[in-house]
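Colleague: I'm new to reading structures, and the vocabulary puzzles me. Could you show me how each word is earned?

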Amino acid sequence: MGKWFPRIYDPAMRPFERFHFKKIRKELIGKAEGRVLEIGSGTGLNFPFYHQISQVDAVEPNALMVEKSMKRKHAALVPIHIHQVEAGKLPFADDTFDSVIATLVFCTIPDPVQALREVERVSKHEARILFFEHVRMDQEMLGKTQDVLTPFWKKICDGCHLNRDTLELVRQANMSIQHVDFYDKGLFLTIEALNDK
């Protein structure tokens, strides 16, 4: 991830967060319990929504994003431990977590299949796995537009794949999908799953 993207992330996302994403994050994170793993914590936008859980272990590979998340970390109502590591190489023992949260991050992970394997490994059997992601749209013309834009988009948004089908990746993993909600004509979705390992 480059140096400029973490600097503009919060200002660029502010309108979306205020009018749309904040509510989605709050509802999804409210379903987490016990010890929580957050994949790709970025600037800590999820941190204010953690309540009534034991602790959060947040992983984020970008040092500038970690630095920008510190104010939210210190203001959080629960203990948050940030680990500067990649999702494909998690430094945790098997069967550690009761819940896993991933919000707007699987689009940028270089190897999402490996990251999902790691999520399965470090979370307990029947742990809650909760996603909020943007995905390739089912509508043919819009999906093809995402395909065309993705190479350019990846360059300006530090590896973000506009056309990644995260729902299909989760379907192929050892996870049992319990519920899916679609937003904005299928551009965004939330997935509630259980670890079936």
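Modeller: Happily! Let's begin with the side chains of Glu-192 and Lys-31, which a polar contact of 2.6 Å joins.

Colleague: What makes that a polar contact?

Modeller: The term needs a pair of N or O atoms within 3.5 Å; within protein, one must be able to donate a hydrogen and the other to accept it, and residues adjacent in sequence count only if both atoms are side-chain atoms. The pair Glu-192 and Lys-31, at 2.6 Å, is therefore a polar contact.

Colleague: Where do these values come from?

Modeller: This is a predicted model, where local features need pLDDT of at least 70, side-chain atom pairs count only at pLDDT 80 or more, and totals for chains, interfaces and linings use all residues. Residues are numbered from 1 along each chain as its sequence is written, and side-chain values use heavy atoms, with hydrogens and water left out.

Colleague: Why is Glu-192 called buried or exposed?

Modeller: Buried means under 20% relative accessible area, exposed over 50%, and partly exposed in between (1.4 Å probe, protein chains only). Glu-192 has 17% relative accessibility, so Glu-192 counts as buried.

Colleague: Which residues does Glu-192 touch?

Modeller: Leaving out residues up to four places away in sequence, its contacts (heavy atoms within 4.5 Å) include Lys-31, Ile-129 and Gln-178. Glu-192 itself lies in strand 7; strands (E, at least two residues) and helices (H or I, at least four) are DSSP runs, numbered from the N terminus.

Colleague: How do you know that strand 1 and strand 4 pair?

Modeller: Two strands pair if DSSP finds at least two bridges between them. Strand 1 and strand 4 are joined by 4 bridges, so they pair, and they run parallel. One partnership is Leu-37 with Val-100 in strand 4.

Colleague: What is the strand order in the open sheet?

Modeller: The 7 strands follow the order 3-2-1-4-5-7-6, with mixed pairing. Strand 3 (80-83) and strand 6 are called edge strands because each pairs on one side only.

Colleague: What makes a nonpolar core, and which residues of the largest one touch the most other members?

Modeller: A nonpolar core is a set of buried Ala, Val, Leu, Ile, Met, Phe, Trp, Tyr and Cys residues joined through side-chain atoms within 4.5 Å. The largest has 28 residues, of which Leu-37, Ile-39, Phe-106, Ile-129, Phe-131 and Met-175 touch the most other members. Helix 3 gives the largest share of this core, 4 residues.
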